[in-house]
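Here is a short report for a newcomer. Look through the structure first, then read on.

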Amino acid sequence: MIIEPKMRGFICLTAHPAGCAENVKRQISYVESQKLPNGPKKVLVIGASTGFGLSSRITAAFGAGAATIGVFFEKEPLEGKTASAGYYNTVAFHEEASHAGLYAKSINGDAFSKEVKQETIDLIKQDLGTVDLVIYSLASPVRKHPETGVLHRSVLKPIDQSYQNKTVDFHTGIVTDVSIEPATGDDIPNTIAVMGGEDWQLWLEALRGAGVLAPNVITVAYSYIGPELTNPVYRHGTIGRAKDHLEATAARITEQLKDLNGSAFVSVNKALVTQSSSAIPVVPLYISLLYKVMKEKNIHEGTIEQMSRLFHDHLYAAQPAAKDAQGRIRIDDWELREDVQAAVAELWKGVSTETISQIGDLKGYKDDFLNLFGFSVPGIDYTKEVDEMAIIK
Ligand code: NAI
Ligand code: NA
């Protein structure tokens, strides 16, 4: 069929298999130029189909030659109806891995459930024995708790006070003021239940209990801090509480991995256009100004450049770069550089519907957003028929 983007709010209902494949290939060629000699060998990536998780998987496989197992939650294709982008990304990843002679298997299901954890353990036992790296890169609006069965929903709200700032509808370029009401009821514990560290810890407990973690195992989860201007809705908001919890969980997991000499880290990553970040108010406007500034300074990175730097300079470096006072890995260092933040703050004052196309990189934002679904990818002929029924092999 011929596939076009079908937008509904902050999501795109369709995905293009050829565009998704091209994105995966572009990421692979980036890491192939940056080989990692002493990298991981057997890797589990939880949240492996899009964003930072997909780029982590590509870096491990094509940068370090690792065998990878990916876990994710994606829609399969139906006749006349496309799969989700993460599904097509994985179709392409498996195809490329198979050409390169790399082991790759994937599990499509709810990572929060006991069943998917068990299925993953069984697969590791059967094929790999153990894993030496576990990447935890889930981003989800909901989590069904495995013990209580309660469906927790995360929210993106400030705490105690309402918050007003500018925001952009990146489809139309219209900048407006948005006011977000503070969290109420169980918003904070619910958001912590979904995006905090409990499930990360449950995964590591299950893997350790089953004896499928190698000595010196490393596990990493991803966090965000961001600029002062998004603090009320991000780091000091409900999601920030979940990130505090996630970061505190790293120390607990390291403690539990003592007998294996294992370590758990949190890496604080840069703000990037992903399906998750486009849903946060104010953040897309910040990102479009940030992109402009970082591109001008030649320090812009996408998820693959970020993950490659994480593996090279931190996780597998002979002399790992310094961590911050809280023990976190900081690959948001360029985003938070003083000159970058000062430039963004200056642009923020003057940004409006009239000025955004000159002072911001709205086009870069939109292109990246469309790219997430395999659209607007250079070199793809969108007038050509493609097979929507491509399946993971
Ligand atoms: P994403 O939306 O691109 O990826 C989420 C992944 O989780 C996908 O593979 C998806 O299939 C999987 N997933 C979601 N629910 C699942 C479930 N129930 N079971 C199994 N798999 C499930 O998200 P992104 O942006 O890559 O986020 C990953 C992590 O990085 C998150 O912790 C996020 O907070 C963090 N981060 C994101 C930043 C950004 O600007 N996008 C910046 C810094 C950190
Ligand atoms: Na991810």
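## Ligand 1 and its polar contacts

In this predicted model, an N or O atom in the side chain of lysine 243 lies 2.8 Å from an oxygen atom of ligand 1. That is a polar contact, a pair of N or O atoms within 3.5 Å. The protein covers 92% of the 840 Å² of accessible area that ligand 1 has on its own (Shrake-Rupley method, 1.4 Å probe).

Backbone atoms take part too. Glycine 47 places a backbone N or O atom 3.4 Å from an oxygen atom of the ligand. A polar backbone atom of glycine 109 is 3.3 Å from a ligand nitrogen.

## The shell

The shell around ligand 1 holds 29 residues, each with a heavy atom within 4 Å. Ser49, Ala111, Lys243, Leu272 and Thr274 come nearest. Helix α2 (51-64) and strand β11 (213-223) each supply at least two shell residues; helices are DSSP runs of H or I with at least four residues, strands E runs with at least two.

## The sheet

Seven strands form an open parallel sheet, ordered β5-β4-β3-β6-β11-β12-β13. Strands pair if DSSP finds at least two bridges between them. β5 (104-108) and β13 (329-330) are at the edges with a single partner each, so one side of each has no neighbour in the sheet.

β3 (42-46) and β4 (67-72) pair over five bridges. Isoleucine 46 stands opposite valine 71 in β4.

## Conventions

Residues are numbered from 1 along each chain as its sequence is written, while chains are lettered from A and ligands numbered from 1 in the order written. Local features need pLDDT of at least 70, side-chain atom pairs count only at pLDDT 80 or more, and totals for chains, interfaces and linings use all residues; side-chain values use heavy atoms, leaving out hydrogens and water.

Conventions: Polar contact = N/O pair within 3.5 Å; in protein donor to acceptor, adjacent residues only side chain to side chain.
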